[in-house]
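Please look over the sequence and the three-dimensional structure shown here. The paragraphs that follow lead through them step by step.

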Amino acid sequence: MASNPALGQTSDPLELLRQYTTQKKPVELLDNDGNLTTDLLQATTVRFGEDASFARDTPTSYSRSNSDSDQYTLSALLHFLDHRDQSFYEYMKMTNTMGLQTVSERVLINTSSVVSSSKSFAKVPDLIKEIFPPKHGAKGADGKPMAPVAGTLANGALASNGVARKRVSQRKRANPIIVVPAATTAMINMYNIEELLQKHQFVDSRTIMETGGPKPREVFIDHQVTRSSQRIRVRVVDSVQDFTEADWNSLICVFTQGAAWQFKNWVWKSPEEVFQNTMGFYPKYNDERPKDSIKSWGVEVINIERTKRHMDKAAVVGLWSSIEQYLASKKPDFLN
């Protein structure tokens, strides 16, 4: 259903959403028969009282990126606001399940505050005027001018004073992320991943554990890209519990031992779906058979010699070659 200009003072759903949120006015959802519903996915229309009605997935003037054609839908913003008390991880997991756009944590930046992705969205209503500032000269439901907030994201573009733009451009780019199994019995885990990827040598994790050292929380690997002067710094972890949207977007590969429980509470529902969104490695000794469970996962098998340590380098070089090809194809930003 298109908006009815006769009913409202604005045809911009973003401005109405801002007004109704700050004024705590109810936004109604209507199904295909025109009946009220509380289920966003069942709704076809969003009604702002007597002001206007819009189709549920109407694009707003709030851009997701620098492209004017890539905009958040009304349904995505409604879902975001409705789940502001959840952690960002739980919000993103539900959003992915529902097939809605995820409102990025990068949206929630202004000159004085940042809503942390690892905490709840409880402060969002207080920041709504900064997050969804009105167009210059726009009028509210009461007919009074709505002044834009200086130094904030306005209408999907950074504020004209350039302060926010400078801050965003100066933020450090995230490191690409590799996830390894948390199990101490896994062939590759946090104990020996640095030896493998950095030193090109396989060391049994039990040998390292017997020295009594603590398990690293995270490991950083520096890698020289083949046929390039560029170096990339990769972050390795064995838990996604505190992952933000930026972390999920930075995930480049996963080491697996073939156990589906490794992916419990991930944003993707199954191992097959995990490896549709990132590349996977299944390390094993060269004289072992791969587990049947990985046959449908689409992961790359890494064969490691039991005793011939001089063969490790060739295996690791092949592994890095696969990672570089994946980055070039799927995540080229990490190579720029």
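A hairpin makes a convenient starting point. Strand 10 and strand 11 are joined by six residues in a hairpin, and within this hairpin arginine 227 takes a positive phi near 55°. Strands here are DSSP runs of E with at least two residues, helices are runs of H or I with at least four, and both are numbered from the N terminus. The model is a predicted one, in which local features need pLDDT of at least 70 and side-chain atom pairs count only at pLDDT 80 or more, while totals for chains, interfaces and linings use all residues. Residues are numbered from 1 along each chain as its sequence is written, and side-chain values use heavy atoms, with hydrogens and water left out.

Strand 10 and strand 11 (residues 231-237) pair in the antiparallel sense over six bridges; two strands count as paired if DSSP finds at least two bridges between them. Along this pairing, valine 219 stands opposite valine 236 in strand 11, and isoleucine 221 is placed opposite valine 234.

The hairpin belongs to an open sheet of six strands, in the order 10-11-9-12-13-14, with mixed pairing. Strand 10 (219-224) and strand 14 (300-304) are the edge strands, each pairing on one side only. On average, neighbouring strands of this sheet are turned by 25° against each other, direction ignored.

In a regular strand, side chains alternate between the two faces of the sheet. Strand 10 has a covered face with Val219, Ile221 and His223, whereas Phe220, Asp222 and Gln224 form the uncovered one.

Helix 10 (residues 312-330) lies across strands 9, 10, 11, 12, 13 and 14 and runs at about 170° to strand 13 (279-285). Such angles run from 0 to 180 degrees between N-to-C directions, with axes fitted to C-alpha atoms, for helices over the stretch in contact. The buried residues of helix 10 (under 20% relative accessible area, 1.4 Å probe, protein chains only) include Val316, Leu319, Trp320, Ile323 and Leu327.

Confidence varies along the chain. The mean pLDDT, the predictor's confidence in each residue from 0 to 100, is 77 for the chain, and 72% of its residues reach 70 or more. Among the elements, strand 9 has the highest mean pLDDT (97) and strand 8 (residues 157-158) the lowest (32). Over residues 105-135 the pLDDT is below 50.

Technical notes:
Contact = heavy atoms within 4.5 Å. Buried < 20%, exposed > 50% of the residue type's maximum accessible area, 1.4 Å probe, protein only.
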